[in-house]
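User: Got a two-chain complex open here and I'd like to talk it through before I do anything with it. Can you walk me through it?

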Amino acid sequence: MTSKRVRQTFRPGAVLLPAFAALLLVPLFAAFAPLFDGGALSNLARAFSEPRFARSFSYGLSQAFVSALLAALVGLPGAFLLARRRFPGKRILSALSAVPFCVPPLIIAIGFVLYYGREGILNRALMSLFKLDEPPVRFLYSFVGVVMAHGFYNFPVVMSLVGGAWASSPKRHEDAARLLGASESRVFMTVTLPSIMPAIGAALSLVFLMCFYSFIIVLLFGGPGVGTPEVELYRAARFEFDRPLASAFALVETLVAMLALAVYGAFEKHAGVNRRDAERVAPGPFSSYLGAGAALLYGAFIVVCFMGPLASILVESLTLRTAARGSSALGLGNYASLFARKGFAAAAFNTMVLGLSSATIAAATGFVFSVGLKRTRSTLASKVLPLLPLGVSSVVLAYGWNAALGRPSVFALAAVQAVTAYPFVLRAIQSSVGLSDERYVEAARMLGSSRLGSTLRVRLPMAVPALASGFALAFAMSAGDANAIIAAPVGGFETIALMLYRLAGAYRLNEACAAAVVLAVVTGFIFFMKDVRDGIA
Amino acid sequence: MVSLELVRLTKAWPLETVDVSLEAEAGKVLAVAGPSGCGKSTMLRMVAGLERPDSGKLFVGGIDVTSTEPSGRGIGMVFQDYALFPHLDVFGNVAYGLRVRRMRRVELRARVGSLLAAVGLAGYERRKPHELSGGERQRVALARTLAVEPAVVLFDEPLSSLDAALRKRLRADIVEEQRRLGFTAVYVTHDLEEAMAIGDTLAVMDSGKVLQCATPRELWENPASAAVARFMGSGPCLPIVCFERAGGHLFAVTETGKFPIDDDNAADGSFLFFERGAAEPTTTPGLPGAVSGPSGHDDGHGVMAARCLRADFAGDVVDCAMQTGGERFTLRFRKGRAPEAGEERLYRVNPTSVRVL
């Protein structure tokens with residue numbers, strides 16, 4: 001007699017993935033739905049006929065494109081240094097790769113105001129040095145200002161992504177070219193450059209995407225009447241109550257972003273292929289004084305232009321303005337008044353709760369997806385589909401949740417932040433789970449473990465450090481995010497990031513800087529988590 | 001045709017040093033064999049100019065090229081993992097060095113075409129490296145290296161990632177090309193059989209040094225040291241306890257027994273070596289003159305008892321892993337004459353085949 005046993009298996013992916021898809025798709029469709037009020041085509045035609053529609057896309061695309069180029073210009077020398085040279089301070093340069101992910105853009109924006117503003121540190125220093133009457137640096141509130149902020153903010157993305165590929169660009173290929181008679185410049189142009197080109201393309205498209213969706217920096221520096229589609233969407237929905245127009249912005253900007261994402265995915269796929277058969281070139285010392293001098297100049301440039309704005313926040317937070325104009329002293333008074341501010345404790349608590357919630361969702365989904373990806377053949381679809389949330393902006397999602405729920409909600413904020421952080425969390429987790437040896441799981445299964453059992457007893461413990469890093473990254477991104485909460489403010493619910501935005505808007509810059517430093521301490525610790533940096537790279 | 005000479009080419013790291021002196025005869029193949037990590041690849045990279053030696057000289061055709069850039073040495077290299085440029089197709093790979101030399105387009109096409117035909121890959125011009133099999137990739141790598149007509153070609157374990165049958169075929173192709181074009185070749189491998197088959201001369205390396213360099217036959221029959229003998233596996237290498245002279249004969253005493261040796265053998269070595277073919281099974285235990293137990297010397301022959309640990313069937317012959325006095329070695333027997341695993345037998349050893357190392 002034979003008995004048929006139906007084996008019951010529980011697959012977390014079967015619950016988590018549809019749930020996550022719902023977190024992405026419900027707000028997305030809700031964001032697009034108002035377009036159908038009175039006919040989608042007529043609404044789209046109306047949107048396209050509005051001059052600001054074309055203007056905003058032209059502005060958004062051009063600023064993103066130029067910003068990506070600037071990020072490449074600043075990031076590529078750093079990528080070379082990280083990949084091929086040994087020098088003191090290399091770890092610090094390498095740690096900068098976490099800046100775009102763990103330092104909120106709001107902090108960068110305030111840093112830029114303090115440093116490059118008309119009365120900023122740079123202008124004051126230049127004016128006193130060269131005895132000038134007018135501040136020489138006046139680009140901040142313009143296209144150039146937006147591009148500079150984006151370029152400097154995102155150069156570590158290029159440096160990190162390209163640096164990783166450069167470090168693993170195949171040594172033997174370069175050796176083979178040398179032996180075939182190629183000069184060093186020819187080796188670079190014909191062997192090294194083609195091998196890092198996919199990484200350059202991936203980095204540029206990622207930076208393009210991040211700048212295209214930039215919100216705060218454009219809102220602050222773009223000036224009146226100028227805005228990216230993201231900012232125009234916000235204005236149309238928040239101040240003009242023109243929901244069909246806001247939906248048209250949401251739809252078209254999502255389509256544009258998806259194109260950029262497809263480009264990113266294609267480059268990323270090739271970058272992955274190239275990395276597989278790589279043999280690393282060990283970084284060496286500088287071969288000439290000229291090279292060492294150029295690296296020193298580069299380091300000085302990064303310190304002055306990139307670290308300067310960040311350092312000025314700390315200085316400003318410790319500067320106590322007194323009643324007499326121009327006089328100031330150093331102290332912790334700004335922190336004292338910030339902590340004493342009504343609502344600060346609640347904001348800190350809300351930041352923690354929101355961060356932990358969105359990090360839990362993002363890390364759990366990231367783990368399930370990364371395990372799922374191990375079982376999927378590596379195709380463009382399997383690379384791009386999990387990264388789809390990269391192509392959707394937090395403003396669109398927040399707007400969509402508002403439309404779907406009829407009112408702003410804290411749940412919606414957590415969902416938006418989880419979805420936004422998830423692609424980066426996935427990368428952080430994949431850098432461990434994705435690369436861990438599949439044979440361990442196979443061995444567990446051969447020893448009688450079920451699929452779920454081997455995942456829980458073998459894969460999960462092996463992935464714990466990377467999961468912790470992914471969780472921390474998601475927490476930091478959530479804590480620093482002001483976009484979603486500005487786009488869909490929830491009455492009576494304030495976070496430190498929102499408080500910072502309001503303080504800056506009220507020109508209480510010293511307290512804003514103290515809040516920025518507090519926020520940076522909360523988010524900046526992931527600077528030191530190697531898995532996070534590896535994941536980002 | 002030019003020769004290649006390495007004179008005390010040295011590279012030192014905190015825990016290891018590679019110090020090599022070698023000469024590759026013009027138009028011949030010098031095979032370099034040795035265990036993994038013995039410094040073969042470092043030696044090759046120093047010759048290619050990809051690794052800067054700490055000291056020593058390198059001569060190509062009598063010209064000192066120690067400080068010359070890799071591109072100016074007239075040396076080509078076929079890499080272990082092929083190192084084909086993944087972004088270029090087969091044509092682009094083979095044409096790479098010719099383009100560096102600014103060869104005219106028509107001439108270049110003809111040359112690449114003839115090279116690909118020579119390695120049996122005509123019609124593969126537009127394929128990318130990932131579309132080729134391992135053997136095809138290796139042949140493209142060979143064509144690419146030969147395209148620039150180097151005077152010396154270095155082969156860094158070029159066939160190690162291929163299966164045995166393909167390895168043999170490609171080995172023959174390489175030898176054929178070498179004979180046809182007459183370049184000097186240095187062929188590095190950890191596969192002894194491959195090294196003996198391909199090398200006109202064979203250098204055995206260990207711990208960063210060349211232990212012996214001679215023809216494969218010479219190395220097989222007359223290893224200069226126990227380390228070479230053990231690497232070659234050409235026969236047992238028994239530690240000598242002492243030497244004795246009795247009845248006008250010189251004997252080497254080992255733990256296994258006492259072996260008569262010719263007088264022209266120096267009586268100051270530490271190991272007794274004989275070719276594995278010199279051990280004949282005998283059924284005569286403890287003949288008169290035997291020293292102790294079943295081993296000793298029989299009718300002017302040394303006799304040893306050895307246990308068969310494992311017998312591997314290899315077609316017409318059987319390779320047996322043997323053990324005697326703590327020493328392990330392989331003996332090859334004709335089918336039907338091999339011992340069974342676990343069986344202990346006596347073997348007569350011809351004194352003319354015995355050497356003291």
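**Chat about the complex**

Analyst: Sure, starting with the domains: in chain B, the assignment gives domain 1 as 4-221 and domain 2 as 235-356. Keep in mind that this is a predicted model.

User: How many Å separate the centres of domain 1 and domain 2 of chain B?

Analyst: The two centres in chain B are 40 Å apart, taken over C-alpha atoms. The C-alpha trace of chain B spans about 80 × 45 × 35 Å along its principal axes.

User: And how many helices and strands are there in chain B?

Analyst: Chain B has eight helices and 21 strands. Of its 357 residues, 41% are buried. If you take the contacts in chain B between residues at least 6 apart in sequence, 64% of them join residues at least 24 apart.

User: OK, how many helices and strands does chain A have?

Analyst: Chain A has 25 helices and two strands. Buried residues make up 51% of its 537 residues. For contacts in chain A between residues at least 6 apart, 80% join residues at least 24 apart.

User: What ipTM does the predictor give the complex?

Analyst: The ipTM is 0.70, and the pTM is 0.75.

User: And per chain, what's the mean pLDDT of chain A?

Analyst: Chain A has a mean of 81, with 85% of its residues at 70 or more. Chain B averages 85, and 94% of its residues score at least 70.

User: Which stretch of chain B has a pLDDT below 50?

Analyst: That's residues 285-297 of chain B, and in the model this stretch has 29 contacts beyond near neighbours in sequence. In chain A, residues 1-8 stay under 50, with zero contacts beyond four places in sequence.

User: Which helices in chain A have the lowest and highest confidence?

Analyst: Lowest is helix H25 of chain A (residues 530-536), at a mean of 52, and highest is helix H3 of chain A (residues 51-84), at 92. As a rule, where pLDDT is low, the predicted coordinates should not be read in detail.

User: Switching to the interface. How many residues does each chain put into the contact?

Analyst: Chain A gives 14 residues and chain B gives 18 residues. On the side of chain A that touches chain B, the elements giving two or more residues are helix H9 (171-179) and helix H10 (184-212) of chain A. H9(A) has the largest share there, seven residues.

User: What's that side of chain A like by class?

Analyst: Seven nonpolar, three polar and four charged residues make up the side of chain A that touches chain B.

User: I was also looking at H8 in chain A. Where does the kink lie?

Analyst: The kink in H8(A) is at A:Asn154, about 40°, shortly before the proline A:Pro156. Helix H8 of chain A (residues 143-167) has 25 residues and reaches 34 Å from its first C-alpha to its last, close to the 36 Å expected at 1.5 Å a residue.

User: Is H8(A) mostly covered or mostly exposed?

Analyst: H8(A) is mostly covered, with 23 of its 25 residues buried.

User: What about H18 in chain A, how many of its residues are buried?

Analyst: For H18(A) that's 10 of 12. The buried ones include A:Tyr399, A:Gly400, A:Trp401 and A:Asn402. Helix H18 of chain A covers residues 394-405 and reaches 16 Å from its first C-alpha to its last, close to the 16 Å expected. Just after H18(A), A:Gly406 takes a positive phi of about 80°.

User: Back to chain B. Where is B:His190?

Analyst: B:His190 is in the loop between strand S8 (184-189) and helix H6 (192-198) of chain B. Leaving out residues up to four places away in sequence, B:His190 touches B:Ala33, B:Gly34, B:Pro35, B:Ser36 and B:Glu157.

User: Why is B:His190 classed as partly exposed?

Analyst: Because B:His190 has 16 other C-beta atoms within 10 Å, while a buried residue needs 20 or more and an exposed one has 12 or fewer.

User: And B:Gly37, where does that lie?

Analyst: B:Gly37 lies in the loop between strand S3 (29-33) and helix H1 (40-48) of chain B. B:Gly37 is partly exposed too, with 13 other C-beta atoms within 10 Å.

User: How many Å apart in space are B:Gly37 and B:His190?

Analyst: C-alpha to C-alpha, B:Gly37 and B:His190 are 9.7 Å apart, though 153 residues apart in sequence. B:His190 and B:Gly269 are 79 residues apart in sequence and 28 Å apart in space.

Key: Residues are numbered from 1 along each chain as its sequence is written. Chains are lettered from A and ligands numbered from 1 in the order in which they are written. This is a predicted model: local features need pLDDT of at least 70, side-chain atom pairs count only at pLDDT 80 or more; totals for chains, interfaces and linings use all residues. Domain bounds come from an automatic or database domain assignment. Helices (H or I, at least four residues) and strands (E, at least two) are DSSP runs, numbered from the N terminus. Two residues are in contact if their C-beta atoms, placed from the backbone, lie within 7 Å. Ala, Val, Leu, Ile, Met, Phe, Trp, Tyr, Cys and Pro count as nonpolar, Asp, Glu, Lys and Arg as charged, and the others, Gly among them, as polar. pLDDT is the predictor's confidence in each residue, from 0 to 100. The expected span of a helix is 1.5 Å times one less than its number of residues. The bend at a residue is the angle between axes fitted to the seven residues ending there and the seven starting there.
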